[in-house]
Amino acid sequence: MMSQMPQQAALTNCPSCAEPLESGDRFCGACGYDLSAVPAPPDDHATLAANGAAPVAPVTHEPVATTPGDHGLTPPPPSGSPVSPASGVRFDRPPEPDEYPLQAPDPRVAAETPTPAEGVKVCVACRAGRVDHDGYCENCGHAQPRERDHMEQECGPMAAVSDRGLRHHRNEDAFAVGTTALPDGSPASVAIVCDGVSSATRPDAASLAASRAASESLLAALPRGTHPQQAMHEAIVAASRAVNALAAEPQTAREHAPHQNAPACTIVGAVVTAGLLVVGWVGDSRAYWVPVDRSALPARLTEDDSWAAQMVAAGLMNEAEAYADERAHAITGWLGADAYELEPHTASFKPDRPGVVVVCTDGLWNYAEAAQEMAEAVPLDAAVRPLHGAQVLVGHALDGGGHDNVTVALVPFPAPPQGAGSA
C-alpha cells in the first residue's frame, strides 16, 4: 500500500473542467476552481490495477450527489454546462438579452447640469459639454456642425449663398454683402466674394478676413464720395493687408506647419449704383453680367489671374486648349503675404438695361464657365428674387458634382431706391 499523498497532489485533473493540474495547485489555472473545497480523498487508492492494466481514474469526490451506479467517478458536465471539457475554456457568461433596457436618467445629474452662459456654445449631441474653438465637444468629443458649411444672407435687393460642396471637409469661401448711400442719397449695393487657397495654411481665415475688410472699406468710402472704382481699389488693398496680418503669427504656431504657405485667398467684388457697375478682383473668382432681357448678350466682366488666362493672352493657346490643360486653374495672382506683387484689377461699366451681376468663386463657374452657360443657369426672376436665384445656382454646382466650395452673390442692376428689397 502506497503512502497517502497531499490533497492537492492527489488531484491530476480539475474536478470542474477536467483541465490537468500541476503538483501543488490550489486553484485550477483554466477555470479558477478552488481545489481546497474538494473533500479529502480516501486514505489511499491504487494508481495501477493489480494486474498491470491501464490506470484507473482517481476518485475525486465532488460536492454533488451521486447514485449507486456512479462508482465515485466525476460525472460529465451536464448539457448546457458553462465548461467545455475539450478545451477547458469557460463559457459561463449569462445569456445576453435581445434588447438592453435604457436606464432612466438620474434626476440628480440633470439637476446639476448648469445653464450655459450667454454666448457659450453647447454640444448638439450630449447637450451638456462646451464646444471648444476647434468645433469639438469637451465632454463627449462630438464634432459640431460648422456654421460656414452652408450660409445664406439676404441684404436689401441682393443675396448671397455659400456651401461647402460635396467633396471638401470645410468651407473655405466667404462673402460679405451690404448696402449704403452715396453723398447724393442714391443707393449703392456692395458684394464681396473670396475663395481661400487650399494649398495655404488657414485658407478659411484668409477668405473671411479679406471679405470683411473689403466690405467695411467700401461701405465707409462710398458715403464719403470716393468714386466707386477708386473705392474698389482701396478695398482690395485693405483686404490684402488683412490677409497679410494673418501671417504675422507667433513662431510657436508656425512650428506646427513650417512648410505651409502663408494664408491666401482670391477676391472679387462688385459695386452697383443707380447708373454704374464696378467690379474688382485678384485671382480667378469671377463676375458675370446677365441682362433681364435674355435676348441680349451676357458677358464675363473679369479676367482670371491664372495660367490658362496667361496662355490665351499670350496667343500660345486658344481658350479651349488652355482650360483643358491640367495647369489651367493654377492662379498667378492672390492676396497673401507670399504674393508676388499686389495688382488689383478694377473695371467700370454703364449697362443700358436692367440685369443682375453674378459674383462667384470657381466652385460655381466650373459648371457654367462661358457667359452664355451662366446666363442659362441663372433663373429668369433672379433680379427680383436674388436669394432664390443664388440657391438655384449653388444647386446647379452641387448637381454638377460639387467638387469645390460654392459661393455666389446676386446683385441686381440698377440699385433700387433705399428701402426697396427683393420681391
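Leaving aside neighbours within four places in sequence, D163 is in contact (heavy atoms within 4.5 Å) with D149, H150, N171, V394, L398, N405 and V406. The model is a predicted one, in which local features need pLDDT of at least 70 and side-chain atom pairs count only at pLDDT 80 or more, while totals for chains, interfaces and linings use all residues. Residues are numbered from 1 along each chain as its sequence is written, and side-chain values use heavy atoms, with hydrogens and water left out.

D163 belongs to strand β2, residues 158–163, strands being DSSP runs of E of at least two residues and helices runs of H or I of at least four, numbered from the N terminus. Although D163 is buried (under 20% relative accessible area, 1.4 Å probe, protein chains only), the residue has no salt bridge, that is, no side-chain nitrogen of Lys or Arg within 4 Å of a carboxyl oxygen of Asp or Glu; the nearest side chain of opposite charge, that of R164, is 6.2 Å away. The side chain of D163 does make a polar contact with that of H150, at 2.6 Å (N or O atoms within 3.5 Å, one able to donate a hydrogen and the other to accept it).

Helix α3 (residues 203–221) comprises 19 residues and reaches 27 Å from its first C-alpha to its last, close to the 27 Å expected at 1.5 Å a residue. Its buried residues, including P203, A206, A210 and L218, pack against β3 (173–181), β4 (187–196), α4 (228–246), β5 (264–272) and β9 (335–336).

How values were computed: Expected span 1.5 Å × (residues − 1). Buried < 20%, exposed > 50% of the residue type's maximum accessible area, 1.4 Å probe, protein only. Lys, Arg positive; Asp, Glu negative; His and termini not counted.
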